[in-house]
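Here is a set of short exercises on one protein chain. Look at the sequence and the structure, try each task, then read its solution.

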Amino acid sequence: MALKMIGNKSEPHPGYGAGSGTVDTYTYICPCGKGRVIRTKDNIPGFRDSDIVIKCDDCIKKYGIVSSLSELE
């Protein structure tokens, strides 16, 4: 399922000794259109964490776990 991106931002991060990078946040309209899906991604050398949060009660009930939303980008 493809979600429509409605915003993104990139914040600088000093890093953890291996160089600086960014923390990027992408905001999408959730599948039902009533809430948001927010993806945060670290672009810091040695750190590539990513987190996805559904901010919609209806979609949390329907999809349960975030991995059922497939790839956002």
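The exercises below go from the model itself to its elements, its sheet, its salt bridges and its cysteines.

This is a predicted model, in which local features need pLDDT of at least 70, side-chain atom pairs count only at pLDDT 80 or more, and totals for chains, interfaces and linings use all residues. Residues are numbered from 1 along each chain as its sequence is written, and side-chain values use heavy atoms, with hydrogens and water left out.

**Exercise 1. Find the average pLDDT of the chain, and the elements with the lowest and highest means.**

Start with the scale: pLDDT is the predictor's confidence in each residue, from 0 to 100. The chain average is 85. A score of at least 70 is reached by 88% of the residues. Now go element by element. Helix 1 (residues 57-63) has the lowest mean, 86. Strand 1 (residues 5-13) has the highest, 96.

**Exercise 2. List the elements in order from the N terminus.**

Elements are DSSP runs numbered from the N terminus: helices are H or I with at least four residues, strands are E with at least two. The chain has 1 helix and 4 strands. Their order is β-β-β-β-α.

**Exercise 3. Work out the strand order of the sheet, and which strands stand at its edges.**

First, the rule: two strands pair if DSSP finds at least two bridges between them. The 4 strands form an open sheet in the order 1-2-3-4, with antiparallel pairing. Strand 1 and strand 4 (50-55) each have a single partner strand, so one side of each lacks a neighbour in the sheet. Those two are the edges.

Next, look at one pair. Strand 1 and strand 2 (residues 21-29) are antiparallel over 8 bridges. One of the contacts to find on screen: Pro-12 has Thr-22 in strand 2 as its bridge partner.

**Exercise 4. Find the salt bridges, and say how exposed their residues are.**

Two definitions come first. A salt bridge is a side-chain nitrogen of Lys or Arg within 4 Å of a carboxyl oxygen of Asp or Glu. Buried means under 20% relative accessible area, exposed over 50%, partly exposed in between (1.4 Å probe, protein chains only).

The structure holds 2 salt bridges. Glu-11 and Lys-9 form one of them, at 3.3 Å from N to O. Glu-11 is partly exposed at 42%, and Lys-9 is partly exposed at 49%.

Asp-58 also forms a salt bridge, with Lys-34; their closest N and O atoms are 2.9 Å apart. This pair links distant parts of the chain, 24 residues apart: Asp-58 is in helix 1, and Lys-34 is in the loop between strand 2 and strand 3 (36-43). Asp-58 is partly exposed at 36%, whereas Lys-34 is exposed at 63%.

**Exercise 5. Count the disulfides, then explain why Cys-59 is in no such bond.**

A disulfide is a pair of cysteine sulfur atoms within 2.5 Å. The count is 0. Take Cys-32: its nearest cysteine sulfur is that of Cys-56, 3.5 Å away. Now take Cys-59. Its closest cysteine sulfur is in Cys-32, 3.7 Å away, so the distance is too far for a bond. Their accessibility can be read too: Cys-32 is partly exposed at 38%, while Cys-59 is buried at 2%.

**Exercise 6. What share of the chain is buried?**

The chain has 73 residues, and 26% of them count as buried.
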